[in-house]
Amino acid sequence: MTICTPDYYNAFHCIAGDCPATCCAAGWEIDLDEDSMERYQSTEGEFGEKLCRFIRKDEDFFFFPMEHGACPFLTGKKLCSIYENLGEDAMPVTCQEFPRYFSDCGAYEQRDLSLACPEVARIFYEGPLSFGIRTFEVEDEDGEMFSEDDDYDSEQLLLRWQLIRQRDQLIRDLERRQGDVFARLDAMGLLLPDDETILSSTIAAMEPVNADWTKLSPKLLSLLESGKKEEAVQAFFREPSVNRWMVKSASYLIFRYWLDAFQDNVDTIHETGNADTEPQMRLIARSLEILSLMGAVRLREKGSFSLQDMIDTAVLFSRQIEFDDEIIAALSTSPLLSDTIPDDENDDSLF
Ligand code: SF4
């Protein structure tokens with residue numbers, strides 16, 4: 001099996017109690033996998049009772065709800081009481097894996113780290129401009145090479161190879177070009193004409209993941225509607241190092257989302273002959289627009305924009321946007337299909 005990671009993947013280690021914005025209080029419910037559920041339901045004593053008391057069910061899914069915006073098992077020292085009482089392997093898989101994510105394309109697996117973790121964001125933005133990619137082979141436990149490519153024919157495997165090559169070339173091309181990140185994407189053909197109301201209606205429809213987004217969201221909408229967006233974003237890009245960080249953000253987004261085009265196109269590639277990567281292009285461009293707006297609002301409030309501001313901005317962006325499939329779908333939508341997105345007069349939340 002082929003594994004692909006960014007070169008900073010192994011540099012990450014959770015800093016637990018020293019974390020400035022622990023994922024245990026990010027505002028997310030904690031999904032519970034089957035093994036964890038079985039273990040919690042068979043745990044005896046007071047702690048076992050507490051575990052069972054907090055389990056909730058939503059259709060076929062089990063989860064721990066938030067208590068005042070945090071996991072009910074987060075201790076006063078910002079540590080996990082499941083870890084403390086039962087050991088690391090008793091934590092839900094969601095918690096053990098975060099901030100890592102895995103995306104499979106047959107016998108090719110992309111492993112990445114999410115900017116929703118402030119330690120990942122620190123490592124990422126403090127690092128060099130160049131987005132290094134490591135690729136290596138692993139064997140199964142019996143020492144046999146295994147392949148999950150039997151599910152795909154040669155045309156589908158060629159599609160995967162083309163997308164991997166495109167992804168890597170896009171990142172290299174982005175890094176070697178001059179100009180701000182949007183000019184670079186434009187020169188690379190990755191910026192498509194867009195309808196700005198999609199951005200504002202999507203932001204307006206988002207359910208805030210935490211209090212920071214609740215405060216920020218009306219400011220983003222107000223800037224979008226003020227007619228001063230261009231001026232504010234230009235001021236943001238004039239801040240030292242901002243363009244460098246935004247180019248890095250674009251590399252992160254290309255790496256994270258480009259290969260999703262494999263699953264989007266694998267069933268239709270025989271008829272179309274070409275991969276449609278428009279959803280990925282729109283998602284990358286609109287994500288950068290949102291990051292720029294967030295940066296512009298922060299700059300207006302603080303008068304300057306530091307590395308820590310970039311880290312905080314990326315963490316909030318990722319927590320609000322990247323873990324919600326419906327937001328990702330809305331940001332990937334073509335303007336021609338956007339009539340499914342509510343306009344400003346429609347109060348019904350999409351999410
Ligand atoms: S956000 Fe990252 S560093 Fe902080 S507790 Fe979670 S995994 Fe650890």
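## Strand β1 and its neighbours

Cys4 sits across from Gln110 in β6, and that pair is a handy place to start looking at this predicted model. Strand β1 covers residues 2–6 and strand β6 covers residues 108–113. The two run parallel, with three bridges joining them.

β1 also pairs with strand β7, made up of residues 133–137. Here the strands go antiparallel, and the bridge count is five. If you want a residue to pick out in this pairing, try Pro6: its bridge partner in β7 is Ile133.

## How covered is β7?

How many of the five residues of β7 are buried? The count is zero, so to speak a bare result: β7 is hardly covered.

## Two domains and where they touch

Zooming out, the domain assignment splits the protein chain into domain 1, residues 6–97, and domain 2, residues 153–340. Taken over C-alpha atoms, the centres of domain 1 and domain 2 are 30 Å apart.

The domains do meet: six residues of domain 1 are in contact with six residues of domain 2. What sort of residues does domain 1 put on the side that touches domain 2? Four are nonpolar and two are polar, while no charged residue turns up on that side of domain 1.

Technical notes:
Residues numbered from 1 in each chain as written. Predicted model: local features only at pLDDT ≥ 70, side-chain atom pairs only at ≥ 80, totals over all residues. Domains from an automatic or database assignment. Contact = placed C-beta atoms within 7 Å. Nonpolar A, V, L, I, M, F, W, Y, C, P; charged D, E, K, R; others polar. Pairing = 2+ DSSP bridges. Helix = DSSP H or I, 4+ residues; strand = E, 2+ residues; numbered from the N terminus. Buried ≥ 20, exposed ≤ 12 C-beta atoms within 10 Å, placed from the backbone.
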